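Good morning. I will walk through one structure today, going from a single residue out to the strands and then to a pocket. Please have a look at it first.

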Amino acid sequence: NAGTEADVYISIYGERGDTGSRQLLRSWKGKKFLKGQTDIFTVEAVHLGHLYKIVIGHNGLGSGNGWFLHKVVIKDPVTDLDYTFLCHRWLDQGQDDGKIARELTVTDASTFPGRQELELKREETWAAEKWKFQEGNTLQFYNRLTHGFICMSPDSQVDALGDKKNKYGKVFFIWMYA
């Protein structure tokens, strides 16, 4: 009972955009989404560049609609790269966490060359900014909507009013946008 008769949809996301939600209609197999079966589909779309995530799910209709998804592999015919998205979870309202759709990120860093560059940038940014979070520093977060501050003091107290001048000396402003 790990297969599904429900309609399955996928959205593929890359550095240049996404496909939007697409129903997976015609498998290269006779009957699709059977337990233990690998199904192959063709999805026509503009070239999305390097892929980084997918959203896959089903409409929950039909008898036995629960589905255990092992993984999704997308082969880019332009670059000849394979993108692997591991799931190993149920898409079933009565199993696991009850979700019938999942957002999956690419699991093989070698297929996303920008991932290593992004990780390096993250490390460089943290190295440059971590001094703000050292003991004794006070942080103030400014909310543009309320024009107010939230102040986090070294003694772990949070002041929703966030006085701009305080006894701790160093004050750092972190602008948060929503």
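**From one serine outwards**

Let me start with Ser11, which is found in strand S1. Before going on, a word on the source: this is a predicted model, where local features need pLDDT of at least 70 and side-chain atom pairs count only at pLDDT 80 or more, while totals for chains, interfaces and linings use all residues. Residues are numbered from 1 along each chain as its sequence is written, and side-chain values use heavy atoms, with hydrogens and water left out.

When I say strand, I mean a DSSP run of E with at least two residues; a helix is a run of H or I with at least four, and both are numbered from the N terminus. The chain has one helix and 11 strands. Along the sequence the pattern reads β-β-β-β-β-β-β-α-β-β-β-β.

Back to the serine. Is Ser11 buried or exposed? Ser11 is buried, at 9% relative accessibility. The word buried stands for under 20% relative accessible area, exposed for over 50%, and partly exposed for what is in between, using a 1.4 Å probe and protein chains only. Over the chain of 178 residues, buried residues make up 30%.

Ser11 also has a partner that is distant in sequence: Ser11 and Ile56 are 45 residues apart along the chain, and their C-alpha atoms are 6.5 Å apart in space.

Next, the strands around it. Two strands pair if DSSP finds at least two bridges between them. S1 and S4 run antiparallel and are joined by seven bridges. Tyr9 stands opposite Gly57 in S4. On S7, which covers residues 101–105, S4 has another antiparallel partner, with five bridges between the two. There, Gly57 has Ala101 as its bridge partner. Strand S4 is largely enclosed by the rest of the structure, because six of its eight residues are buried.

One side-chain contact belongs here. Lys53 lies over the face of Tyr13, 4.6 Å from the ring centre. The rule is that NZ of Lys or CZ of Arg must be within 6 Å of the ring centre and within 35 degrees of the ring normal.

After S4 comes a loop that leads to S5, and Asn59 is found in that loop. Asn59 is partly exposed, with a relative accessible area of 27%. Asn59 and Asp7 are 52 residues apart in sequence, yet 5.7 Å apart in space, C-alpha to C-alpha.

**The S5 and S6 hairpin**

S5 and S6 run antiparallel, and nine bridges join them. They form a hairpin with four residues between them.

Which residue in the turn has a positive phi? That is Asp80, with a phi of about 65° although it is not a glycine. In general, most residues other than glycine have a negative phi. Asp80 counts as exposed, at 52% relative accessibility. A second case is His88, which has a positive phi of about 55° and is not a glycine either. His88 lies in strand S6 and is partly exposed at 42% relative accessibility.

The hairpin also carries the one aromatic pair that the structure holds. Phe68 and Trp90 meet edge-to-face, at 5.6 Å centre to centre and 75° between the planes. Rings of Phe, Tyr and Trp (its six-membered ring) pair if their centres lie within 6.5 Å; planes under 30 degrees apart are stacked, over 60 edge-to-face, and the rest tilted. Phe68 lies in S5 and Trp90 in S6, so the pair ties together parts that are 22 residues apart in sequence. The two are bridge partners as well. Phe68 is partly exposed at 33%, and Trp90 is partly exposed at 22%.

**The largest pocket**

Last, the pocket. The largest one holds about 1100 Å³ of space. Of its 38 lining residues, the closest to the centre are Asp39, Phe41, Val72, Val73 and Ile74. A pocket here is an open set of points on a 1 Å grid over the protein atoms alone, where a 1.4 Å probe fits, with protein on both sides within 12 Å along at least five of seven lines; lining residues have an atom within 4 Å of a point. The volume is the space filled by probe spheres set on the points.

Which strand gives the largest share of the lining? S5 does, with 10 residues. S1 and S4 each supply at least two.

That is where I will stop.
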